[in-house]
Amino acid sequence: MTGHPFSQDPSNTAAFAAISGSEPFVPRDKRIRAVVIGGGTGAPVSIRTLLSMGFDTSAVVAMADDGGSTGILREEANVTPPGDVRKCLAAFAADADDPMTRAFKYRFEFARNHTLGNLMLSALEDATGSFPEAISICEKLLDARGHVYPSTLDRVTLCAQTRDGARLAGQANACRSATALQYVWLQASREPEPYHPAIEAIKGADLIVLGPGSLFTSIIPNLLVPGIVDAIRASRGRTLFVCSLADMQGETWGLSAKEHVEALMEHGMQGLLDYVLVHAPAPLRPEDALSESYNAAVGESDGSSSLSDLGDARLSGRVRPVSVSYADIQVIQERGPVVVARNLVDPNRPTWHDPRALRAAFAGVMRLCRSPRR
């Protein structure tokens with residue numbers, strides 16, 4: 001070990017301080033509820049964006065994580081996986097610079113790379129006998145501006161089949177797959193039960209946001225819990241899928257935006273997606289691909305990043321952009337969702353969303369939401 005003994009996970013939510021003081025999109029006399037469904041490092045991106053817009057925001061988080069600090073605690077202490085919950089709690093914290101918030105995100109390289117947040121959640125679960133109570137206590141400690149709900153409290157294992165037929169057990173193995181995944185499922189000693197407050201949050205939402213983040217290991221595991229997709233179907237809210245900018249893990253290596261959407265539909269979201277947000281560095285041709293009303297609602301992009309910017313990121317790791325074409329957009333829209341294509345990449349960090357661009361795109365989607373639902 002070298003350098004400072006305490007570190008924090010790299011987080012693209014720090015950049016979202018740039019929009020934290022922005023004028024809320026939601027009128028102050030109205031309450032609009034949003035639910036983010038996901039986990040990992042992606043869900044906090046949507047959480048911070050929605051909070052900046054004035055939404056009453058909550059998160060429903062996958063419980064299949066079994067890697068890193070979470071995996072050790074899950075295996076050796078038999079606790080509920082805390083990692084994805086911790087990341088969302090930190091995103092909800094009222095003050096990112098508060099010492100408690102900063103310490104909550106500390107990672108101890110000298111202690112098997114555990115994070116303080118993971119240890120606190122696990123210790124509080126043991127002390128109270130309740131993982132939801134542990135989350136509630138941490139929400140108070142961080143002065144959280146929203147609630148985090150596990151999608152299930154049952155012990156589940158994520159299993160996957162790759163596109164070349166191999167079978168994998170465990171979330172950590174699935175995300176590091178050598179080839180893209182075809183489908184995933186949950187394995188448990190009995191059929192997992194959904195966490196009731198998560199179901200109620202989804203049913204009461206005006207906007208349901210899936211992602212961004214790892215498609216098969218952070219977003220879809222929530223949909224595999226019985227009752228979650230039914231809650232989405234029962235909700236009067238609109239659904240938005242935020243497609244990732246780039247592939248950094250094997251689970252979606254080489255998959256296009258269209259294939260991301262198809263995977264969601266094959267895992268329960270057929271007929272339930274209203275909008276799909278994708279990164280495109282420039283307007284896709286032909287020029288009449290999107291209607292005039294769509295362009296007026298979402299606004300024109302003024303970014304200058306290109307797909308080659310994302311490609312250059314390979315120099316520092318195994319990364320490549322998620323491709324999208326005009327033909328892809330047409331196929332997606334034929335299956336129901338409206339595609340919102342905008343330049344969303346942070347020009348300085350090509351695998352991260354630009355906070356202002358993402359906020360503008362969310363605002364555009366909300367303007368489109370004023371039309372009657374399907």
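## Briefing: strands, helices and confidence

Strand 16 (residues 345-346) and strand 17 (residues 349-353) run antiparallel, joined by 2 bridges. This is a predicted model. Its chain has a mean pLDDT of 87. Elsewhere in the chain, 7 strands form an open sheet with parallel pairing. Helices pack too: helix 8 touches the sheet, and helix 1 meets helix 3.

**The hairpin**

- Strand 16 and strand 17 form a hairpin.
- Between the two strands lie 2 residues.
- Which residue stands opposite Val-345 in strand 17? The partner is His-353.

**The open sheet**

- Strands of a sheet can pair parallel or antiparallel, through backbone hydrogen bonds.
- Here the pairing is parallel, and the strand order is 6-3-2-10-11-13-15.
- Strand 6 (147-150) and strand 15 (338-342) are the edge strands. Each of them pairs on one side only.
- From one strand to the next, the twist averages 20°.
- Inside this order, strand 2 (residues 33-38) pairs with strand 10 (residues 207-210). How many bridges does that parallel pair have? The pair has 4 bridges.
- Val-35 stands opposite Ile-208 in strand 10.

**A helix on the sheet**

- Helix 8 (residues 196-203) packs on the sheet.
- Helix 8 touches strand 2, strand 3 (56-61), strand 6 and strand 10.
- The direction of helix 8 makes about 120° with that of strand 6.

**Helix 1 against helix 3**

- Two packed helices are described by the angle and the distance between their axes.
- For helix 1 (residues 43-52) and helix 3 (residues 83-92), the axes come within 9 Å and cross at roughly 20°.
- Why does helix 1 count as roughly parallel to helix 3? Angles under 35 degrees count as roughly parallel, so the crossing at roughly 20° qualifies.
- The crossing of helix 1 past helix 3 is right-handed.
- Helix 1 brings Ala-43, Pro-44, Ile-47, Arg-48 and Leu-51 to the contact. Helix 3 brings Lys-87, Cys-88, Ala-91 and Phe-92.
- Sorted by class, the contact has 7 nonpolar residues, 2 charged residues and no polar ones.

**Confidence along the chain**

- A pLDDT of 70 or more is reached by 86% of the residues.
- Where does pLDDT stay under 50? That stretch is residues 288-316.
- For residues 288-316, the model has 53 contacts beyond four places in sequence.

Key
Residues numbered from 1 in each chain as written. Predicted model: local features only at pLDDT ≥ 70, side-chain atom pairs only at ≥ 80, totals over all residues. Heavy atoms only, no water. Pairing = 2+ DSSP bridges. Axes fitted to C-alpha atoms, helices over the stretch in contact; angles between N-to-C directions. Contact = heavy atoms within 4.5 Å. pLDDT = per-residue confidence, 0-100. Parallel < 35°, antiparallel > 145°, perpendicular 65-115°, else oblique. Left-handed = near helix turned anticlockwise from the far one by under 90°. Nonpolar A, V, L, I, M, F, W, Y, C, P; charged D, E, K, R; others polar.
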